[in-house]
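Colleague: I have never looked at this one before. Could you walk me through it, beginning with the overall picture?

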Amino acid sequence: MEKSLDEIQREVDQYISQFKEGYFSPLAMLARMSEEVGELAREVNHSFGEKPKKADEADNSIELELGDILFITVCFANSLGINLTEAHDKVMHKFNTRDANRWTKKDTD
């Protein structure tokens with residue numbers, strides 16, 4: 001069963017709410033997000049770039065790194081009271097209006 005963004009935000013909030021520390025500060029979350037993006041870059045480089053993994057390196061995956069980025073994004077949004085579904089809708093509106101003719105569309109025949 002697929003989860004909505006709203007369900008994901010609630011699930012993450014329930015998880016974080018069980019700890020006294022709660023959400024990290026926005027600056028700490030931005031640092032954490034940067035770290036996770038770096039880890040994703042490393043995995044992409046291992047999979048598609050010229051840098052093979054060392055034999056003793058952990059077996060992470062692009063999927064797990066994207067999951068980590070999603071988790072920290074949801075934490076960031078939750079801590080600031082941002083509804084990610086609404087944020088997504090606003091971004092899609094921007095892409096469908098401002099950037100409507102930016103890319104070459106496929107033929108629809």
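Colleague: Happy to start with the whole chain. What radius of gyration does the protein chain have, and what would a compact globule of 109 residues have?

Modeller: Keep in mind that this is a predicted model, where local features need pLDDT of at least 70, side-chain atom pairs count only at pLDDT 80 or more, and totals for chains, interfaces and linings use all residues. Residues are numbered from 1 along each chain as its sequence is written, and side-chain values use heavy atoms, with hydrogens and water left out. The radius is taken over C-alpha atoms, and the globule rule is 2.2 Å times the number of residues to the power 0.38. A compact globule of 109 residues would come out near 13 Å, but the protein chain has 18 Å.

Colleague: Which elements make up the protein chain, and in what order do they run from the N terminus?

Modeller: Helices (H or I, at least four residues) and strands (E, at least two) are DSSP runs, numbered from the N terminus. The protein chain has four helices and zero strands. Its C-alpha trace spans about 50 × 40 × 30 Å along the principal axes. Read from the N terminus, the order is α-α-α-α.

Colleague: What share of the 109 residues of the protein chain counts as buried?

Modeller: Buried means under 20% relative accessible area, exposed means over 50%, and partly exposed lies in between (1.4 Å probe, protein chains only). The accessible surface of the protein chain is about 8,800 Å², and carbon and sulfur atoms hold 56% of that; such areas come from the Shrake-Rupley method with a 1.4 Å probe, and for residues only the protein chains shown count as cover. Of the 109 residues, the buried share is 18%.

Colleague: Let's zoom in on α3. Which elements are among those covering the buried residues of α3?

Modeller: Helix α3 covers residues 62-80 and reaches 27 Å from its first C-alpha to its last, close to the 27 Å expected, where the expected span is 1.5 Å times one less than the number of residues. Its buried residues include Glu 65, Ile 69, Ile 72 and Phe 76. Just after the helix, Gly 81 takes a positive phi of about 70°. The cover over the buried residues of α3 includes α1 (5-17), α2 (26-48) and α4 (84-97).

Colleague: Glu 36 caught my eye. Which residue does the side chain of Glu 36 meet in a salt bridge?

Modeller: Glu 36 counts as buried because its relative accessible area is 4%. Leaving aside neighbours within four places in sequence, Glu 36 is in contact (heavy atoms within 4.5 Å) with Glu 65, Asp 68 and Ile 69. Its partner lies four residues away in α2, about one turn of the helix. The salt bridge (a side-chain nitrogen of Lys or Arg within 4 Å of a carboxyl oxygen of Asp or Glu) measures 3.0 Å, N to O, and joins Glu 36 to Arg 32.

Colleague: How many salt bridges are there in the whole structure?

Modeller: One of them joins the side chains of Lys 3 and Glu 11 at 2.7 Å, N to O. Another pairs Arg 98 with Asp 99 at 3.0 Å, N to O, and salt bridges that share partners join Arg 98, Asp 99 and Arg 102 into one network. A search of the whole structure finds a total of five.

Colleague: Within that network, is Asp 99 buried or exposed?

Modeller: Its partner Arg 98 is exposed, since its relative accessible area is 57%. Asp 99 has a relative accessible area of 11%, so it counts as buried.

Colleague: What accessible area do Tyr 15, Phe 19 and Phe 71 have together?

Modeller: Phe 19 sits in the loop between α1 and α2 and counts as partly exposed because its relative accessibility is 36%. Patches are made of residues with over 30% relative accessible area and no salt bridge, joining like charges within 9 Å and nonpolar side chains (Val, Leu, Ile, Met, Phe, Trp, Tyr) within 5 Å. Tyr 15, Phe 19 and Phe 71 form such a nonpolar patch on the surface, together about 270 Å².

Colleague: One last stop: what distance separates the C-alpha atoms of Thr 85 and Leu 5?

Modeller: Thr 85 belongs to helix α4. Leaving aside neighbours within four places in sequence, Thr 85 is in contact with Leu 5, Asp 6 and Gln 9. Thr 85 and Leu 5 are 80 residues apart along the chain, yet their C-alpha atoms are separated by 6.0 Å.
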